[in-house]
Amino acid sequence: MSASPESLVPGILLAILASCHMNVGKGVQKWKVGALAAGRGVLAAGTRRDFGIWLFGVALTTSASVLYSLALKFTDTPSMVSALSGVGILGLVAFAAIVLREKVGAPEAIGALLVLAGTGLMGWFDPGAGTPDAFDLRAFLGAAAGVLAPLSLAAIVSWRARRFHGLAFGALAGALLGVSIVLGDLALLAAGNDFLGQLGHPYPYAALTVGGLALTVTQFAFWRATAISVVPTTNAFVILVPVVLERFTLDRGIVGPQYAALAAIVAGVVLLTAVRRS
């Protein structure tokens, strides 16, 4: 069954809302990640408030999982949903400007326009390929392992060498989130697009577990690196990994013009965050 324009619109809106929850949640976590240094003393009077704010950031990113699942119900391709993750960067920029009092200049403005233009193109050129009847689980596991194994090794090497921490851990966190998004799509496919029916299959629980691992990796990234180096890398891999996995698992993906939209979104993400200065 192909997604109609009527169902595509709520799917896009839900994906954008999910990305806002995820990105703003990461900003809040980075803001108060220092509270975790207190260890068992996080509930002491001096750190209790900061720890509560950090937990609120965790709640935002956790709620994004539900919103992504709902978005997948209304769209045809997980790669399209993941591409819209770039829009959430706009929410992060607003958070940085209003709460963290960071300057928003020309690079951020250009990046925002690229993200918005890319998002519009992704929806406009949606091929409506239809929901497949089956998926290749073995191909998915092989492709996911092929992506995660080298990134995990890079993260271990980075941790020991104390170099390129934001790049290595940001890439691993983003890849895990990308895998989680595709698992969410497989859950709906296994359940015949029944949102509640998917709970009878292992895939949504696997998606939540992988998403939890991504949350943990993100905290390691924030511990030794700035959000400037972590956020753009994470979002780029959230966008790109589902494109790869979808090709192997479902033998389909985004079409020609959408690759240009994908490039615009990734470029916008980099401009919005990688060139930001404190």
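Which residues in H2 meet which residues in H7? In this predicted model, Tyr68, Ser69, Leu72 and Lys73 form the H2 side of the contact. Their partners in H7 are Ile181, Gly184, Asp185 and Leu188. By class, the residues of this contact comprise four nonpolar, two polar and two charged. The two helices pack at an angle of about 55 degrees, and their axes lie 9 Å apart. An angle of about 55 degrees falls outside the roughly parallel range, which ends at 35 degrees, and outside the roughly perpendicular range of 65 to 115. H2 and H7 are therefore oblique to each other. Their crossing is right-handed.

H7 also packs against H6, which spans residues 137-161. The axes of H6 and H7 come within 8 Å and cross at roughly 160 degrees. This angle is over 145 degrees, so H6 is roughly antiparallel to H7. The crossing of H6 and H7 is left-handed. On the H6 side, the contact includes Phe140, Ala144, Val147, Leu148 and Leu151. Ser152, Ala154, Ala155, Ser158 and Trp159 of H6 also take part. From H7, the residues met include His165, Ala168, Phe169, Ala171, Leu172 and Ala175. Leu176, Val179, Val182, Leu183 and Leu186 of H7 belong to the contact as well. In this contact, 18 residues are nonpolar, three are polar and none is charged.

A further partner of H7 is H8. H7 and H8 pack at an angle of about 165 degrees, with their axes 8 Å apart. Again the angle is over 145 degrees, and H7 and H8 are therefore roughly antiparallel to each other. Their crossing is left-handed. The contact of H7 with H8 draws on 20 nonpolar residues, six polar residues and one charged residue.

Helices H2, H7 and H8 recur in the lining of the largest pocket. This pocket has a volume of about 620 Å³. Its lining consists of 30 residues. Nearest the pocket centre lie Thr62, Ser65, Val66, Ser180 and Leu208. Four elements give two or more residues to the lining: H1 (5-32), H2 (48-74), H7 (165-190) and H8 (203-224). H8 gives the most, with nine residues. Of the lining residues, 18 are nonpolar, 11 are polar and one is charged.

How values were computed: Residues numbered from 1 in each chain as written. Predicted model: local features only at pLDDT ≥ 70, side-chain atom pairs only at ≥ 80, totals over all residues. Heavy atoms only, no water. 1 Å grid on protein atoms, 1.4 Å probe; cavity = no way out; pocket = protein on both sides within 12 Å on 5 of 7 lines; lining within 4 Å. Points joined across faces, edges and corners; volume = space filled by probe spheres on them. Nonpolar A, V, L, I, M, F, W, Y, C, P; charged D, E, K, R; others polar. Axes fitted to C-alpha atoms, helices over the stretch in contact; angles between N-to-C directions. Left-handed = near helix turned anticlockwise from the far one by under 90°. Contact = heavy atoms within 4.5 Å.
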